[in-house]
Number of protein chains: 4
Amino acid sequence: MTDAAPRNPERNEQRRRQILAAAAECFQRRGFHSASMAEISKAAGMSVGHIYHYFENKEAIIRAMVEAKAQEVVDKMDELRRHPDVLAALVEKVDEGMAKQTERASAAMTIEVLAEAARSPGILGTLCESDRVAMAKMKETLIAANPALAADPRLLDGRTNLIAALFDGLAIRALVNPDFDREGLLAALRLTMQTLLREPPAGNGGTR
Amino acid sequence: MTDAAPRNPERNEQRRRQILAAAAECFQRRGFHSASMAEISKAAGMSVGHIYHYFENKEAIIRAMVEAKAQEVVDKMDELRRHPDVLAALVEKVDEGMAKQTERASAAMTIEVLAEAARSPGILGTLCESDRVAMAKMKETLIAANPALAADPRLLDGRTNLIAALFDGLAIRALVNPDFDREGLLAALRLTMQTLLREPPAGNGGTR
Amino acid sequence: MTDAAPRNPERNEQRRRQILAAAAECFQRRGFHSASMAEISKAAGMSVGHIYHYFENKEAIIRAMVEAKAQEVVDKMDELRRHPDVLAALVEKVDEGMAKQTERASAAMTIEVLAEAARSPGILGTLCESDRVAMAKMKETLIAANPALAADPRLLDGRTNLIAALFDGLAIRALVNPDFDREGLLAALRLTMQTLLREPPAGNGGTR
Amino acid sequence: MTDAAPRNPERNEQRRRQILAAAAECFQRRGFHSASMAEISKAAGMSVGHIYHYFENKEAIIRAMVEAKAQEVVDKMDELRRHPDVLAALVEKVDEGMAKQTERASAAMTIEVLAEAARSPGILGTLCESDRVAMAKMKETLIAANPALAADPRLLDGRTNLIAALFDGLAIRALVNPDFDREGLLAALRLTMQTLLREPPAGNGGTR
DNA sequence: TATGAATGAGTTTTCATTCAT
DNA sequence: CATGAATGAAAACTCATTCAT
């Protein structure tokens, strides 16, 4: 059973990663619903039943993926904040974020997870919680880039959400319009980031 | 049979709309895969088999929805372009777009469709084609707002895609972070739109 | 309704033939179960519902075909019996019978009908009755070829059944072994027919 | 999955036989199309889904039956050839063959399989291949009975096919005319077999 | 006569999950 | 730990037949 304490926690963790990697591959290829446990077990090199030693059910697999994805965002933010000029780093490194979000496999996975979240309360809960953590980290990073943003919480929230929406939306663009001009979009992205990070909180762009 | 010319095109069209409305409701509530044809038929007030007189299969229903959605965008763009000051209208009416995209039912539907497109070539094809049409319309509208944008096609493409990504992303935000501050986000959205529409094509924000 | 007396019997009969021809084509191509009434109605150039004016149901169509097929056999026998040398005609004309039975479309239809008869009592009844009539006619013809065969009813019955089995079996051969040597089979067929028709009723080939 | 090598081949084989026996019973009673998987699973004493562990689909079941049937013929031929006087054995044992072919259940099954083969390329392929093997075996047996038959391949092919057609046709007779005189038919069968096996290859019965 | 919209039962097949070994 | 046989509910889709027009 999943709740039994594993004899060997290390091996346990390795198995879980093995399953997650296999499942990610299957979900990207076929979607969450169409990827059968049999398929995943084959990709993971173990029996169907054995997967149930490590994950309570199929949903638990996707929940674990959501958490891993959020952790990636947190790590990225931590990395950016260690930069001497955080604002410049945010604008500069935007190409990496775009590349990651618009990579076909990653984009498909993102959308897959969202679709499942839209109908499974369990997954939605995990996703919301993960997003909450990631957003908080992002706000800290934005403040590190421009301390003036800390002055108005609503302004900060708005800009953070907008940036999040932007990156989420890139995954959709990659799916629907895969031949878009990457250089052109990158330029627009940098312009937008600069605006959102530099613009003084007061002025006609602020909260009325 | 679906391909037979209907005796009464009017009634036919009404039936199709009736089915699409019922299906939209079911898909939003339960997702494309989980919504059964039996459920849809009950919601539409007709028998299962009868739906197959109007749509070749379940996929054809979602394809019809994609086309209807794209038409909405096109109509919206046409409306905006009829405005005396297109640029101001674009910035001003951004609240309507945000409201529509972040409405729960609409957002769920958007994500549902995307998830299906990610694995069904037929739906993806319809979606890409619809997007192509909508994007072209959107470019015309941006040029109407600021003719200088027409000078650099890559810049125009980048900005159009960015705006599209932004609105697509709003649907995701609505799902994942439903309690975000709407006023704050609206302010950030207006600032971004102003920047992308006003900024001169030449300068450090253009295509390098 | 089918039982209503038709206003115009001629036109009625023409319609029935039209439907039977269309149905035969569909059954050969797709089998009785797979050929839908919609398909048949399209092939016949009339609406589904209209077919039900002429045939009570789908089974009635196949029953009409069985009767038509038996009539063909009867006609053929009558033709042969009008020949001056019936025995020689039977041996000689065996090639026509073989050609007809081994023609792909005809063979498929024969097997199709049999398969339906095997599971539908109604069709089986029609088929048995039709066969009874055809067999009686065939016996008359064999006696016309060799009057000595009339002496032993069991011998006559055995030989008639054997010839019937042989021709029925040709349809199966055509399906299962379509590349068989037609000349070789024809020679064997003639040899067999000669033996069965000429051999004296008494002797070691008779009923023990 | 069907393609996975079973852990326990013995048990696996037993299950397959169990399913085939149940399916044969159902197909005979109701026909291939009308016998539902639910019915078969009930007759086999296992769940519907479980049948799919052993057979890819419904068609695969009938294909396995075709192969088993062909093997029976091959075994029968081998048995006959081990006889000291093969020709006499062939003529003598004809009653067993007739009894088998005209048994109601067997006849229904034969016709059922043929009807499916007529429309399913997969089944037809299996059937043709099985028939090829069985026919080859039969030719060897005929040559063992009368070595002179080996001299003319077309004559041999013709006679083999005729005998095959004859036995195939018996199944049809049993269905359509179940009350035929068995003794009378047996006598005619023996006469025919003797003629086809003894007759010298040269003469007016050979290939012209 | 003639149409074809409408019905809904019935079919094959898939799949998450369990559990004896 | 590890396996994979076994379950059975549920889904998409088809089709003969009816009947209002």
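The following paragraphs describe how the protein chains of a predicted model surround DNA strands E and F, and how chains A and B are related. Because the model is predicted, local features require pLDDT of at least 70 and side-chain atom pairs count only at pLDDT 80 or more, whereas totals for chains, interfaces and linings use all residues. Residues are numbered from 1 along each chain as its sequence is written, chains are lettered from A and ligands numbered from 1 in the order in which they are written, and side-chain values use heavy atoms, with hydrogens and water left out.

Around DNA strand E there are 34 residues, of which B:R15, B:H50, B:Y54, C:H50 and D:K58 come nearest, a residue being counted as near a strand if one of its heavy atoms lies within 4 Å of it. Sugar and phosphate make up 69% of the atoms of this strand that come within 4 Å of the protein. Polar contacts (pairs of N or O atoms within 3.5 Å; within protein, one must be able to donate a hydrogen and the other to accept it, and residues adjacent in sequence count only if both atoms are side-chain atoms) to phosphate oxygens of DNA strand E include those from polar side-chain atoms of B:R15 at 2.4 Å, of A:Y52 at 3.0 Å and of C:Y54 at 3.2 Å. By class, the surface near DNA strand E has 12 nonpolar, 14 polar and 8 charged residues, where Ala, Val, Leu, Ile, Met, Phe, Trp, Tyr, Cys and Pro count as nonpolar, Asp, Glu, Lys and Arg as charged, and the others, Gly among them, as polar.

For DNA strand F, A:H50, B:K58, D:R15, D:H50 and D:Y54 come nearest among the 34 residues around the strand. Of the atoms of DNA strand F within 4 Å of the protein, 67% belong to sugar or phosphate, and the rest belong to bases. Phosphate oxygens of DNA strand F lie 2.4 Å from a polar side-chain atom of D:Y54, 2.5 Å from a side-chain N or O atom of C:K58 and 3.1 Å from such an atom of A:R11. The surface near DNA strand F comprises 12 nonpolar, 14 polar and 8 charged residues.

Chain B is superposed on chain A, with an RMSD of 0.1 Å, by a rotation of 180° with 0.0 Å of shift along its axis, the fit being by least squares on the C-alpha atoms of residues with pLDDT of at least 70 in both copies. The two copies are therefore related as by a two-fold rotation axis. Among the residues of chain B, B:G169 comes closest to this rotation axis, at 1.9 Å (C-alpha).
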